[in-house]
Amino acid sequence: MENEFELPGSWREVLAGETQQPYFAELAAFVAAQRAEHQVFPPRGQVFSALSATAYQDVRVLVLGQDPYHDDGQAHGMSFSVLPGTRIPPSLRNIYKELASDLGVPVPDNGYLMPWAEQGVLLLNAVLTVRAHEANSHKGKGWEKFTDAVIKAVDAREEPCVFVLWGGYAKKKLPLIDTSRHVVVQGAHPSPLSAKLFLGSKPFSQINAALEGFGRPPIDWAIPNLKG
């Protein structure tokens with residue numbers, strides 16, 4: 001349990017105040033109990049993949065998802081991303097479709113978003129674990145308090161950031177963000193239920209324009225194909 005809930009280096013000091021609070025120990029105990037009785041995603045050791053992939057000081061864009069994919073082999077700790085070899089989920093298909101329409105980026109053959117994370121795109125879910133095949137099953141157990149602290153920590157930096165809030169759930173986090181210093185890109189969620197509103201919203205060009213406005217390079221949104 002301790003190993004699973006040990007934060008990656010760059011975030012450990014920033015979030016030390018959170019990990020020492022009683023709720024965090026209760027959350028760790030809850031997840032351990034769930035793993036003992038049920039299949040839980042993402043697998044042990046991948047819960048903080050987003051924080052491992054994008055160091056605190058490197059965050060340029062924060063994309064907020066809700067909770068992990070809950071089907072077999074999908075979730076690996078980064079919002080909207082799936083590991084190589086996993087079928088691309090519908091929400092990510094719509095993200096790719098909009099990316100092609102907005103910036104002309106070719107649709108890749110995989111859903112592994114690590115190239116974004118390595119450029120400073122923090123792919124954060126509000127809830128970091130889920131019971132297999134039961135969406136939102138770990139909602140309200142403490143994860144939201146922890147990930148709110150992640151959002152506040154990014155907001156507190158001097159370096160401006162672009163916060164991407166897709167859908168009603170993500171938009172509720174707007175009060176955590178100082179919009180006088182940071183840019184917020186809002187829109188409909190890319191899920192099939194709201195795809196008509198998401199498609200055509202041009203979020204990626206907005207994100208890159210904001211980064212360039214900060215004097216920072218844009219994100220290269222292209223995901224390399226894994227098959228020849």
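A residue counts as buried when under 20% of its relative accessible area is left open. By that yardstick, helix α7 in this predicted model is mostly covered, with 11 of its 14 residues buried. The buried set includes Trp143, Phe146, Val150 and Val154, and also Glu144, Asp148 and Asp155. The length of α7 checks out too: at 1.5 Å a residue, its 14 residues should span 20 Å, and the end C-alpha atoms are indeed 20 Å apart, so the two values agree.

What does α7 pack into? The largest nonpolar core has 72 residues, and Phe48, Trp116, Trp143 and Phe146 have the most contacts inside it. Helix α7 (residues 143-156) gives the most to this core, chipping in 7 residues. Phe48 touches two residues of that helix, Trp143 and Phe146. Leaving aside residues up to four places away in sequence, Phe48 also touches Phe24 and Leu128, as well as a run from the start of the chain: Glu4, Phe5, Glu6, Leu7 and Pro8.

Then there is the sheet, an open one of 4 strands in the order β3-β2-β5-β6, with parallel pairing. β3 (121-125) and β6 (183-187) sit at the edges with a single partner strand each, so one side of each has no neighbour in the sheet. From one strand to the next, the twist averages 20°. β2 (residues 61-65) pairs with β3 over 5 bridges, and Val63 stands opposite Leu123 in β3. Helix α10 (residues 203-213) packs on the sheet, touching β2, β5 and β6, and its direction makes about 160° with that of β5.

As for annotation, the unreviewed UniProt entry marks residues 52-211 as "domain: Uracil-DNA glycosylase-like". That span is 32% helix and 14% strand, and its end C-alpha atoms lie 22 Å apart.

Notes: Residues are numbered from 1 along each chain as its sequence is written. This is a predicted model: local features need pLDDT of at least 70, side-chain atom pairs count only at pLDDT 80 or more; totals for chains, interfaces and linings use all residues. Side-chain values use heavy atoms; hydrogens and water are left out. UniProt positions are given in the numbering used here, feature names are shortened, and annotations may be inferred rather than shown by experiment. Helices (H or I, at least four residues) and strands (E, at least two) are DSSP runs, numbered from the N terminus. A nonpolar core is a set of buried Ala, Val, Leu, Ile, Met, Phe, Trp, Tyr and Cys residues joined through side-chain atoms within 4.5 Å. Buried means under 20% relative accessible area, exposed over 50%, partly exposed in between (1.4 Å probe, protein chains only). Contact means heavy atoms within 4.5 Å. The expected span of a helix is 1.5 Å times one less than its number of residues. Two strands pair if DSSP finds at least two bridges between them. Axes are lines fitted to C-alpha atoms, for helices over the stretch in contact, and angles run from 0 to 180 degrees between N-to-C directions.
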